[in-house]
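I opened this notebook to record what I looked up in the structure, entry by entry. The entries follow strands, helices and one loop residue.

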Amino acid sequence: MYKSGFVSIVGSPNAGKSTMLNALLGKKVSIVSDKVQTTRDMIKGVYHEDDLQIVFLDTPGFHKPQNKLQNYMNFQINEALYDIEAIVYVIDGEYGLGKKEAANIERLKAIDVPKIAVVNKIDIISQEKATLMIDKLNELGIFKEVIATSMLEKFNVKAVIEALRPFIPEGVAYYEKGQISDSPEAFIISEIVREKVLRRTFEEVPHSIGIKVDELEHTKHEIYIEVTIYVERDSQKGIIIGKKAEKLKRIGIEARRDLEAQYGKNVFLKTHVKVLKNWRRKLDLLKEVGYEID
């Protein structure tokens, strides 16, 4: 009997949702950084076994929107909560169960599908704290199972699959074996570049960054890629470029390294930085940066 279905990964910003998706698949399909709201789009990652296929939907973190971009991100979360078999709710073990988590859990109560809670980052908290969190989550009575994990250390990753298995119905494969994502090529490239920018910028700059692939050309042995890094202010442009363009050069080197590993080809990557004032607040500018908004 072959089983297949869709499962949404949800939680607060920076709980480790994207790290979990990458750990479940054994490959990187979602970018990771220590900045909150790194994930902006719903990203599909496909888990395969001989008799099982789970399509995971990695979502932006739950948050109150303050601009058009964040409205778009919330739309992505809502889209991921329909026509699914189960929900995996990821909790940052370091921060524990505060008001934010209580509000998130209230929201989940209204969704009538099985739910699994994952207490992540237990490698950096005490056993006593982890046990208290697990007991509190079990007492709520809305989770079919509560699992303690460290996705960064790949501890207890398989337990998530086993907890979900009973809720995946009999069905057909949605994706060919070996296909782990359906994200467009330009999206994957822009996300890899954005990850490198995030790792080398601080404070308000990460939220103001948008990446668009302007040119993409494959030959037998090479790929030529041209991207624009959008920011909202001139000062942010200077931060990304850096002194004597050293920071932008480093971003390009790191992104190219990942892209060459991804494609197994030489990659020529050209980057530009452009100021587009208040692009996160205007629908027409969101579209210019590359977000598909109706």
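Entry 1, a crossover. I began with the connection after strand S5 and noted that S5, helix H4 (residues 127-140) and S6 make a right-handed β-α-β unit. I record here that the model is a predicted one.

Entry 2, the pairing behind that unit. I looked up how S5 and strand S6 (residues 145-148) pair, and found the parallel sense over 4 bridges. Within this pairing, Ile116 has Glu145 in S6 as its bridge partner.

Entry 3, the other neighbour of S5. I found strand S4 (residues 86-92) joined to S5 by 6 bridges, the two running parallel. I noted Val118 in S5 as the residue opposite Val90. A right-handed β-α-β unit is also made by S4, helix H3 (residues 99-109) and S5.

Entry 4, burial of S5. I asked how many of the residues of strand S5 (residues 115-120) are buried. The count is 6 of 6, and the strand is mostly covered. In a regular strand the side chains alternate between the two faces of the sheet, so I checked each side separately. Lys115, Ala117 and Val119 are buried on one side, and Ile116, Val118 and Asn120 are buried on the other. Both faces of S5 are thus covered.

Entry 5, a loop residue. I located Leu152 in the loop between S6 and helix H5 (157-164). Is Leu152 buried or exposed? Its relative accessibility is 65%, and Leu152 counts as exposed because the cut-off for that class is over 50%. I also looked up its C-alpha separation from Ala23, which is 7.7 Å, although the two residues are 129 apart along the chain.

Entry 6, a further sheet. I found an open sheet of 3 strands in the order S7-S8-S9, with mixed pairing. Its edge strands are S7 (210-218) and S9 (266-275), each of which pairs on one side only. From one strand to the next, the twist averages 15 degrees. I then looked up strand S8 (residues 222-231), which runs parallel to S9 and is joined to S9 by 10 bridges. Tyr230 has Lys274 in S9 as its bridge partner.

Entry 7, helices across this sheet. I noted that helix H6 (residues 185-199) lies across S7 and S8 and runs at about 130 degrees to S7. Helix H8 (residues 246-263) lies across S7, S8 and S9, and its direction is at about 140 degrees to S9.

Note on methods
Residues are numbered from 1 along each chain as its sequence is written. This is a predicted model: local features need pLDDT of at least 70, side-chain atom pairs count only at pLDDT 80 or more; totals for chains, interfaces and linings use all residues. Side-chain values use heavy atoms; hydrogens and water are left out. Buried means under 20% relative accessible area, exposed over 50%, partly exposed in between (1.4 Å probe, protein chains only). Two strands pair if DSSP finds at least two bridges between them. A crossover is right-handed if, with the strands pointing away from the viewer, the path from the first strand over the helix to the second runs clockwise. Axes are lines fitted to C-alpha atoms, for helices over the stretch in contact, and angles run from 0 to 180 degrees between N-to-C directions. Contact means heavy atoms within 4.5 Å.
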